[in-house]
Amino acid sequence: GVARITYSHGGTGTRLFRIWINMKSRCYNKNNKRYYTYGGRGIEICKEWHDFSVFRTWAESHGYKETLSIERIDVNKNYCPSNCTWIPMSEQSKNRTTCKKNRMEQRH
């Protein structure tokens, strides 16, 4: 019975599921080290994406691949279908609000 509950949305353990969990953590978990640049600035996730299967459907129909990373088009707006896209991971750092500072902190 346990497996059926865990895998009801078929996503647990996948990279996309981790992306979703991390996105929620940056917005809603005050203990996340990047919270201050997301939730701390009022960045939220749209209601429909609080359901992983809805987020997954959007991701898969918008070109999600294992090599891509979710990016907000406008860094001052929420995570939602109209403000998000998938980009190569190497480009992710270009859009950071505090580039060098963040990278230094993550190294330690």
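## Helices α2 and α3 and the cysteines

In α2, the buried residues (under 20% relative accessible area with a 1.4 Å probe, protein chains only; exposed is over 50%, partly exposed in between) are Arg15, Leu16, Phe17, Ile19, Trp20, Met23, Ser25, Arg26 and Cys27. The model is predicted, so local features need pLDDT of at least 70 and side-chain atom pairs count only at pLDDT 80 or more, while totals for chains, interfaces and linings use all residues. Residues are numbered from 1 along each chain as its sequence is written, and side-chain values use heavy atoms, with hydrogens and water left out.

The protein has 4 helices and 2 strands, where helices (H or I, at least four residues) and strands (E, at least two) are DSSP runs numbered from the N terminus. Their order along the sequence is α-α-α-β-β-α. The protein has 108 residues, and 37% of them count as buried. Among its contacts (heavy atoms within 4.5 Å) with a separation of 6 or more, 51% are between residues 24 or more positions apart.

The 14 residues of α2 should span 20 Å at 1.5 Å a residue, and the end C-alpha atoms are 20 Å apart, which agrees; the expected span is 1.5 Å times one less than the number of residues. Cover for the buried residues of α2 includes α3, β1 and β2.

Helix α3 runs over residues 52–61, and its buried residues are Phe52, Phe55, Trp58 and Ala59. These lie on the same side of α3 because they cover an arc of only 125 degrees around the axis, taken from the directions from the helix axis to the C-beta atoms. An α-helix has 3.6 residues a turn, so residues three or four places apart point the same way. Glu60 and Ser61 are exposed on the other side of α3. The buried residues of α3 are covered by elements including α2 (15–28), β1 (68–72) and β2 (84–88). Just after α3, glycine 63 has a positive phi of about 85 degrees.

How many disulfides does a search of the whole structure find? It finds 0, a disulfide being a pair of cysteine sulfur atoms within 2.5 Å. Two cysteines are set out below.

| Cysteine | Nearest cysteine sulfur | Relative accessibility |
|---|---|---|
| Cysteine 46 | cysteine 80, 5.6 Å | 13%, buried |
| Cysteine 84 | cysteine 80, 6.0 Å | 6%, buried |

For cysteine 84, the 6.0 Å to the sulfur of cysteine 80 is too far for a bond.
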